[in-house]
Amino acid sequence: MRSKLRKPRYIALAVAVLAFIHASVIAAEPTKYFSIEMDEKLIGYGMVHRDSFDQDGRTVLRLKSQTSLKYALLGQERHTMLDSETLIDSQTGQPLRYKMTDTTNESVQHVESEFADGMARTWGYRDGEARGDAIETKLPDGVVILGNNNFGHWQLLINAAMAHTGDDTFKLAVFLPAATQVDSFDVDRKQPRDVSVGGQLRKCQLWNLTNVDINAFTDAESGEVVRLDVPAQKTTIELADAKVVKLAQR
């Protein structure tokens with residue numbers, strides 16, 4: 001069995017699903033925007049749109065994510081656009097389907113996952129190629145999907161962390177579709193503190209992911225993800241407004 005799946009990037013880890021013909025949207029939230037800065041320079045943006053619909057007597061959460069990055073690698077300019085959609089069972093919190101398209105310069109690659117009976121079946125293929133055989137990955141209970149640079153997924157991860165009771169230090173299992181593997185984060189819940197978000201101080205809860213050196217900040221009251229710091233890459237992702245899209249496209 002062959003695989004064209006690539007290892008995940010950790011600028012802040014992305015996802016899209018097949019549309020349901022007879023699904024009727026019953027709730028929607030405003031689109032959220034994020035700025036992505038490296039070395040204090042704007043290199044991209046993220047967008048997350050969330051709604052839900054009824055299907056077969058259950059409510060399905062739908063996350064649509066788009067992330068755009070412009071950066072130089074080995075002296076060559078690269079433009080990456082990640083478009084994705086994820087379906088989540090709102091009652092169990094478990095993923096149902098996922099599809100992501102990665103367009104980097106002239107290269108287009110797709111990743112698709114379907115989830116059932118504690119397994120993920122994942123396909124990775126280049127544009128114009130056959131989907132081929134799926135790679136099967138056994139999933140632990142409570143696993144959280146985490147796609148490349150998908151900030152909607154980061155909110156799912158934080159939701160799982162907030163639901164964790166007991167010790168302030170614990171592990172969370174994550175499924176990385178692009179790598180077709182399960183990994184885990186060592187989470188250390190810190191005391192709330194004032195953090196700069198968009199130039200203003202906000203009272204935030206800090207979640208330190210010690211084994212990957214990522215700091216996630218959430219609003220102390222709502223639990224909304226407002227900032228991600230990746231010190232090793234000198235990268236900061238912050239909640240922003242719609243103007244960040246035009247600023248990043250300049």
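# A walk from an exposed loop to the buried core

Let us start on the outside: D117 has a relative accessibility of 80%, so it counts as exposed. The cut-off for that label is over 50%. Please keep in mind along the way that this is a predicted model. D117 sits in the loop between strand 7 and strand 8, the latter covering residues 119-126. Its backbone deserves a look too, for D117 is not a glycine and yet has a positive phi, near 55°. As background, most residues other than glycine have a negative phi.

E40 makes a good companion to D117. This residue belongs to the loop between strand 2 and strand 3, and its phi is about 65°, again a positive value in a residue that is not a glycine. Is E40 buried or exposed? With a relative accessibility of 74%, E40 counts as exposed, because exposed residues are those over 50%.

Now step back and take in the whole chain. It has 250 residues, and 49% of them are buried. DSSP runs give two helices and 17 strands. The accessible surface comes to about 12,700 Å², with 47% of that area belonging to carbon and sulfur atoms.

From the loop that holds E40, we can go to the strands on either side of it. In strand 3, which spans residues 41-55, we find V48. The relative accessibility of V48 is 8%, and since buried means under 20%, V48 counts as buried. Who are its contacts from further along the sequence? Leaving out residues up to four places away, V48 touches P30, T31, K32, F34, K64, F151 and G152. One of these, K32, is 16 residues from V48 in sequence, while their C-alpha atoms are 5.2 Å apart in space.

On the other side of the loop, strand 2 holds S35. S35 has a relative accessible area of 10%, so S35 is buried as well. Apart from neighbours within four places in sequence, S35 is in contact with L42 and G44, and also with T236, I237, E238, A240 and V244.

Two of the residues that V48 touches, F34 and F151, bring us to the aromatic rings. How many aromatic pairs does a search of the whole structure find? The search finds three. F34 and F151 form one that is tilted, with 5.2 Å from centre to centre and 50° between the planes. F34 comes from strand 2, residues 32-38, and F151 from helix 1, so this pair links parts of the chain that are 117 residues apart. Both F34 and F151 are buried.

The rings of F115 and F175 pair up too: their centres are 5.7 Å apart and their planes stand at 90°, so this pair is edge-to-face. Because F115 lies in strand 7 (residues 107-116) and F175 in strand 11 (residues 169-176), the pair ties together parts that are 60 residues apart in sequence. F115 is buried, with a relative accessible area of 11%. F175 is buried at 1%.

Next, let us turn to the largest pocket. Its volume is about 270 Å³. Among its 16 lining residues, T92, G93, V144, L156 and A160 are the closest to the centre. Strand 5 (76-89), strand 10 (144-145) and helix 1 (151-163) are the elements that give two or more residues to the lining. Which of them gives the largest share? Helix 1 does, with three residues. That is the helix that also holds F151 of the tilted pair. By residue type, the lining divides into eight nonpolar, six polar and two charged residues.

Our last stop is in strand 5, one of the elements of that lining. E85 is found in this strand. Is E85 buried or exposed? At 10% relative accessibility, E85 counts as buried, because the value is under 20%. Its C-alpha atom is 6.0 Å from that of Y98, and the two residues are 13 apart in sequence. Set E85 beside E40, and you have one glutamate that is buried and another that is exposed.

Key
Residues are numbered from 1 along each chain as its sequence is written. This is a predicted model: local features need pLDDT of at least 70, side-chain atom pairs count only at pLDDT 80 or more; totals for chains, interfaces and linings use all residues. Side-chain values use heavy atoms; hydrogens and water are left out. Helices (H or I, at least four residues) and strands (E, at least two) are DSSP runs, numbered from the N terminus. Buried means under 20% relative accessible area, exposed over 50%, partly exposed in between (1.4 Å probe, protein chains only). Contact means heavy atoms within 4.5 Å. On a 1 Å grid over the protein atoms alone, a cavity is a set of points where a 1.4 Å probe fits but cannot get out, and a pocket is an open set with protein on both sides within 12 Å along at least five of seven lines; lining residues have an atom within 4 Å of a point. Grid points are joined across faces, edges and corners, and a volume is the space filled by probe spheres set on the points. Ala, Val, Leu, Ile, Met, Phe, Trp, Tyr, Cys and Pro count as nonpolar, Asp, Glu, Lys and Arg as charged, and the others, Gly among them, as polar. Accessible areas come from the Shrake-Rupley method with a 1.4 Å probe; for residues, only the protein chains shown count as cover. Rings of Phe, Tyr and Trp (its six-membered ring) pair if their centres lie within 6.5 Å; planes under 30 degrees apart count as stacked, over 60 as edge-to-face and the rest as tilted.
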